[in-house]
Amino acid sequence: MSELMSLKQVTFTYPAANRPALDGVDLHIASDDFMVIVGATGSGKTTLLRQLKPELVPAGDLTGTVQYQGRSIQKLSATESAQTIGVVAQDPVVQPVMATVIEELAFSLENVGVSASGMPGRIAEIANFLGLDQILHTPLQQLSGGQLQLVNLASVLVLHPAILLLDEPTAQLDPTTAQNFLNVLQQVHRELGITIVMSEHRLDRILPLANRLVIMEDGALLAAESVATGLRLMSQHDELASFVPAIPNFFVQQHLTGNQLPLTVATGRRMLSQQDVLFKLRSSTLSVKTFGAPLLTVAGVSFHYDQQAPTLRTIDITFATGIWVAILGKNGAGKSTLLSVLAGLRKPQHGKVRLGKQIIWKMKNSVLIRQVGLLSQHPIDQFTGLTVREELTAQSQLGNEPVNATAVTDWLAKLQLTAVADQNVFDLSGGQQQLVGLGLALITRPRLLLLDEPTKGLDPATKQVVGRLLETYRAAGVTIVMASHDVEFSAQFATHGTFMFDGQLTPVQPARKFFTTNFMATTAVSRLLRQWLQQALFSTDVERKGGANDQG
Amino acid sequence: MQLIETQSSQFLGQCHPLALVLYFGELFTGLLLFNHILITGLFFLGLCGLCCWYFGGRAVWRVVRSVLSLMGLILFLNILLNRAGVSWWQFTLGTWHWEVSRVGVLYGATMALSLGGMVMAFVLFNGCVTASQLRALLNPVAPRLAMLLTLAIRFVNLFIQQFRRLLLLQRTRGLVVTAGPWRHRLTETGNLLRVLLLGSISRAMETAILMEARGYGGRHRSQYQHYRWRLADTSFTLVAGGMFVVILGLRVHGWGVTPNIYSLPGVLATDWWVAGVASLVVGLPLIGEGLYRLCQN
């Protein structure tokens, strides 16, 4: 297919940075591409995406050329740029400016001067295509995150762009909503022929839709290959191996790498059946962890927001010292509300929450901060607008053992934030803000950690670092209650699991039992192997008995 | 205050924004013209009733509850500070003497009702005239102002949501505005507003870039919403305008006005005339609704 966009020897350096964020990048984007950019946090994915649209190019030193159909993108007028290169941001709330869905769609068309008679047809077409026709007059503030992201997509598609740029568009969405959004993107690509370039950490769902994988490392373009080739390269690369999704990673780990790596459970099962491979559980898989006395007791807690249906309905649960409970559930199920009640930030209408023997909302705030660490769903709401180092230092002063400057530096290293230590927290990427939020929750050395989506926006390698860090605290007796959509992370690190549904929690079960008995909310490897081994959750849980076509 | 909106299928929802703005302009002016307790009370109760008709009693009661507390404060301050005229009740404790004057009570009540009426009129205006209608109205004469107004309305809303979240979550950073001495609370509120401002600016910058990415600022904007001026708008505007002229005339003659606060609140026959016309002004939307329904097929 014809070349749509190209980057030639693009090098970009942010002001005051001592090394380039992009270093000599050459990339060609064809008009039929569904391209996924992958790389660790800070590898230059977002900076690369921003070079593709004139309005998004950040301040800094830029050399090299970026062209759209042979023209420098800097020569595109604002109207041309809007009508050819669409962009959807990561945070669904940031993009909209109008009050209702229809006004938001019209906003784009009004900007480029589409006539009043031409607008209804274009809006009707895109609203019907994306299923927004029933919510056209709904105020945007009443929409869920998934619906809002669809509106954002629609408000760009209504301009009929040739290429869509998306920066981790599903990072803020729960898995089901994210899958729906990706299905829509696939439809947009296949049926409208729009070129798609997106950065993403969660590759398991997106790779089956993509045709090209761009791998970034330290600002350099490592590869821009087909998905199969890209995956093989990543699996051989120490720092990128953890980015390989669970199904292809299982085949790599078990040395079942034939001509291709499967991307879905169905393909994986078919390949396993064809290769006639048998597995058995490793003996070390079923380890048992012990827990201490009850720390947090929730008795008959009910909560509802002003004049609304109950969000929490008579919840009874006890969290023991040293336990790590993962609470799964859809967006809006009440997980965040429950965590805010457990943190003593909201007082339920009925029931009691006791930390030890004290009712949590009666505790003095200064005492509460020393006992309970909270990472909220939007860590930015917990920031005070200082640099990373200053934020951590200030929070440590409120904790049990205020730390000195050297200890703060150690914390920065632990959280992989050394490079951005003196940057303002509002200027960081979503993943880095998440790490700062985690640092703020941990640095006071609390007994109870409440984490709302702790892995949101983190790349797979950083997730492992965070998981191991939290595990050391749990092993030292810290109780962790975590709301998460990240099934793989929860299954790997939590000791227990439960569902939040209809305002209540299902019985809390040990993690392995919980995840191996779940049909859908379980790991990809469990879904792959369940007909042979019900107890397996990860590729490391199993070893091969033998196989006819074994190539390993 | 909660945002409540009329159903677009009702008469007011179908009106041209210009007709609505003219009507509300007349209503607000009417509220300012008269200071008789009968008229202000009638305006307040009439507007409460009108709001209940459009938004439902429960939604309006939530608004009225907060308005009543403000009205109560005004009444209390007047009773406390205004001791002119005849004393209704006296109280002496040692050397301290306090009396409730008739003028204090009645003047306080008049002021409270006037303010209450103003708030309810604004609630009705807010529910009937949407941001997009205002934008459509302003766009031909001041397009930048129209867009700025739309953005401001949206961002005020986001600002309030963000403030509520910060109020809750900044407690994890030791920032509590509801505990401690007043001076401490004021300092903490200042800190909270600083955080709010920093965060909002950061997000607003991102939003501005994304607006530009969708072509904003590139060329002269077109307009999606066009409202057609219909016969019903002409009738509504003419009737409302006529009533307004009558009200102005009555005001010029000094009807429905208490020139001297010591004479409060004798009700004259002329005041009843003003009350009658004011009732028609307030009730005009309901008359419109009735006629609109009569015209249904």
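The following questions and answers concern nonpolar cores, one loop residue and an annotated span in a predicted model. Residues are numbered from 1 along each chain as its sequence is written, and chains are lettered from A in the order in which they are written. Local features need pLDDT of at least 70, side-chain atom pairs count only at pLDDT 80 or more, and side-chain values use heavy atoms, with hydrogens and water left out.

User: Which helix gives the most residues to the largest nonpolar core?
Analyst: A nonpolar core is a set of buried Ala, Val, Leu, Ile, Met, Phe, Trp, Tyr and Cys residues joined through side-chain atoms within 4.5 Å, where buried means under 20% relative accessible area with a 1.4 Å probe, protein chains only. The largest one has 76 residues, and A:L164 and A:F250 have the most contacts inside it. With 7 residues, the main contributor in chain A is helix (a DSSP run of H or I, at least four residues) α5, residues 145-157.

User: Why does this core lie between two domains of chain A?
Analyst: The domain bounds come from an automatic or database domain assignment. The core lies between the two because both give residues to it, namely domain 1 (3-241) and domain 2 (245-286 + 525-552).

User: Is A:A99 buried, partly exposed or exposed?
Analyst: A:A99 sits in the loop between β6 (85-88) and α3 (101-111) of chain A. Partly exposed covers the range between buried and exposed, the latter being over 50%. Because its relative accessibility is 36%, A:A99 counts as partly exposed.

User: How far apart are the end C-alpha atoms of residues 231-252 of chain B?
Analyst: UniProt, in an unreviewed entry, lists residues 231-252 among the spans of the feature "transmembrane region" in chain B, and such annotations may be inferred rather than shown by experiment. This span is 100% helix and 0% strand (strands being DSSP runs of E, at least two residues), and its end C-alpha atoms are separated by 31 Å.
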